[in-house]
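Here is a friendly walk through this fold, written for someone who likes to keep a viewer open while reading. Have a look at the model first, and then we can go through the sheets, the helices and the ligand shell together.

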Amino acid sequence: MSFSSSPVVSLRDVTIYQDVNTILSNVNFDVEKGEFVYLVGRTGSGKSSLLKTLYADLPLLSGTAAVAEFQLSKLRRKQVPYLRRKVGIIFQDFQLLSDRTVADNLSFVLRATGWSEKSKRKQRITEVLMRVGLDAAANKMPHQLSGGEQQRVVVARALLNEPVILFADEPTGNLDPVVADGIMKLFQEINNQGTAVLMATHNYEIIQRYPKRVLKCESGRVLDSKVEEFNLVNGY
Ligand SMILES: Nc1ncnc2c1ncn2[C@@H]1O[C@H](COP(=O)(O)OP(=O)(O)OP(=O)(O)O)[C@@H](O)[C@H]1O
């Protein structure tokens with residue numbers, strides 16, 4: 001376990017690209033350990049591109065960025081799995097493997113990340129399913145679960161390796177308001193136990209109900225509610 005107090009995410013003069021196109025420039029912010037930060041902005045403003053850069057799905061070509069103590073500019077391809085073990089990634093569409101049970105979905109990730117002992121995998125799967133309130137779902141197939149339950153399994157999967165931060169891209173996008181609120185409460189619990197969260201969302205009601213620091217992608221820049229005054233209006 002690391003006891004350093006350095007931020008879990010730190011960006012300095014970063015430019016975010018898609019191919020040769022600049023999407024965001026002059027990006028500077030830190031996310032501290034245990035912090036909860038929203039990422040907002042209109043469709044196409046660069047939220048997903050920024051998150052993808054942070055979990056090394058897009059290369060960092062300009063500026064410096066550290067995530068979970070990995071320097072992204074120096075990250076080699078073979079190091080990416082090690083970074084991904086330190087961060088949890090949650091997408092809008094659930095991306096569970098539809099042909100295997102919940103437990104097997106989770107076991108697949110554990111095996112891919114070096115958990116060679118079956119009994120330890122089983123124990124960890126029980127722990128994370130308990131944590132998301134789905135302890136009875138281990139042997140169900142994804143299609144036997146509701147959308148909200150499937151999203152909880154995705155959250156459980158993201159928690160398997162005890163990440164220092166969760167990157168969530170529109171995690172409530174496909175869910176009805178009550179179920180979305182349940183997922184948000186789950187994120188809060190996880191955050192209260194010390195995991196930082198960086199969550200891209202269009203869900204203005206959730207931001208109002210659970211106010212936190214906001215990073216806003218706008219006109220090719222990232223504005224930070226911590227250092228700048230900006231109006232967060234419905235629809236941005
Ligand atoms: N794979 C890609 N190749 C090239 N350009 C892309 C790719 N993905 C996204 N873009 C472009 O990058 C810009 C930012 O897109 P991005 O998906 O990061 O925005 P976003 O804020 O996440 O949008 P949304 O809220 O709709 O998810 C857009 O102009 C988009 O067209």
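Strands β1 and β2 pair in the antiparallel sense, with 7 bridges between them. One pair to pick out in your viewer is V14, which stands opposite V27 in β2. The two strands make a hairpin with 2 residues between them, and D19 in the turn has a positive phi of about 55°. Please keep in mind that this is a predicted model.

## The four-stranded sheet

The hairpin belongs to an open sheet of 4 strands, ordered β2-β1-β4-β5, and the pairing is antiparallel. Strands β2 (21-31) and β5 (70-71) are at the edges; each has a single partner strand, so one side of each is left without a neighbour in the sheet. Strand β4 (residues 62-67) and β5 run antiparallel and are joined by 2 bridges. In β5, Q71 is the bridge partner of A66.

Helix α1 (residues 47-54) packs on this sheet and touches β1 (9-18), β2 and β4. The direction of α1 makes about 120° with that of β1. Is α1 mostly covered or mostly open? The helix is mostly covered, with 6 of its 8 residues buried. The buried residues in α1 are K47, S48, L50, L51, T53 and L54. After α1 comes A56, which has a positive phi near 65°.

## The six-stranded sheet

A second group of strands forms an open sheet of 6 strands in the order β6-β7-β8-β3-β9-β10, and here the pairing is mixed. The edges are held by β6 (87-90) and β10, each with a single partner strand, so one side of each is left without a neighbour in the sheet. From one strand to the next, the twist averages 15°.

Here are some of the strand pairs in this sheet, each with a residue pair to look for.

| Strands | Sense | Bridges | Residue pair |
|---|---|---|---|
| β3 and β8 (residues 196-200) | parallel | 4 bridges | F36 opposite V197 |
| β3 (residues 36-40) and β9 (residues 213-218) | parallel | 4 bridges | Y38 and V214 |
| β9 and β10 (residues 221-224) | antiparallel | 4 bridges | K216 and L223 |

Strands β9 and β10 also form a hairpin, with 2 residues between the strands, and S219 takes a positive phi near 50° there. At another part of the sheet, helix α5 (residues 147-159) lies across β6 and β7 (165-169). Helix α5 runs at about 160° to β6.

## The ligand shell

Which residues surround the ligand? The shell consists of Q18, D19, I23, G41, T43, G44, S45, G46, K47, S48, S49 and C217. Two of the shell residues will be familiar from the text above: D19 is the turn residue with positive phi in the hairpin of β1 and β2, and K47 is among the buried residues of α1. Helix α1 gives the largest share of the shell, 3 residues. Sorted by class, the shell has 2 nonpolar, 8 polar and 2 charged residues.

## A residue in helix α6

M184 makes a good stop on the tour. This residue sits in helix α6 (residues 177-192). Is M184 buried or exposed? M184 has 21 C-beta neighbours inside 10 Å, and 20 or more are needed to be buried, so M184 counts as buried. Leaving out residues up to four places away in sequence, M184 touches T172, I206 and Y210. For a longer reach along the chain, take M184 and I89: they are 95 residues apart in sequence, and their C-alpha atoms are 15 Å apart in space.

## The protein as a whole

Stepping back, the secondary structure comes to 7 helices and 10 strands. The C-alpha trace spans about 45 × 40 × 35 Å along its principal axes. How does the radius of gyration fit a compact globule, and what is its value? The protein has 18 Å, and a compact globule of 236 residues would have a value near 18 Å, so the two agree. Of the 236 residues, 38% count as buried. Among contacts with a separation of 6 or more, 68% come from residues 24 or more positions apart.

Conventions:
Residues are numbered from 1 along each chain as its sequence is written. This is a predicted model: local features need pLDDT of at least 70, side-chain atom pairs count only at pLDDT 80 or more; totals for chains, interfaces and linings use all residues. Two strands pair if DSSP finds at least two bridges between them. Two residues are in contact if their C-beta atoms, placed from the backbone, lie within 7 Å. Axes are lines fitted to C-alpha atoms, for helices over the stretch in contact, and angles run from 0 to 180 degrees between N-to-C directions. A residue is buried if 20 or more other C-beta atoms lie within 10 Å of its own, exposed if 12 or fewer, and partly exposed in between; C-beta atoms are placed from the backbone. A residue is near a molecule or strand if its C-beta atom, placed from the backbone, lies within 6 Å of it. Ala, Val, Leu, Ile, Met, Phe, Trp, Tyr, Cys and Pro count as nonpolar, Asp, Glu, Lys and Arg as charged, and the others, Gly among them, as polar. The radius of gyration is taken over C-alpha atoms; the globule rule is 2.2 Å times the number of residues to the power 0.38.
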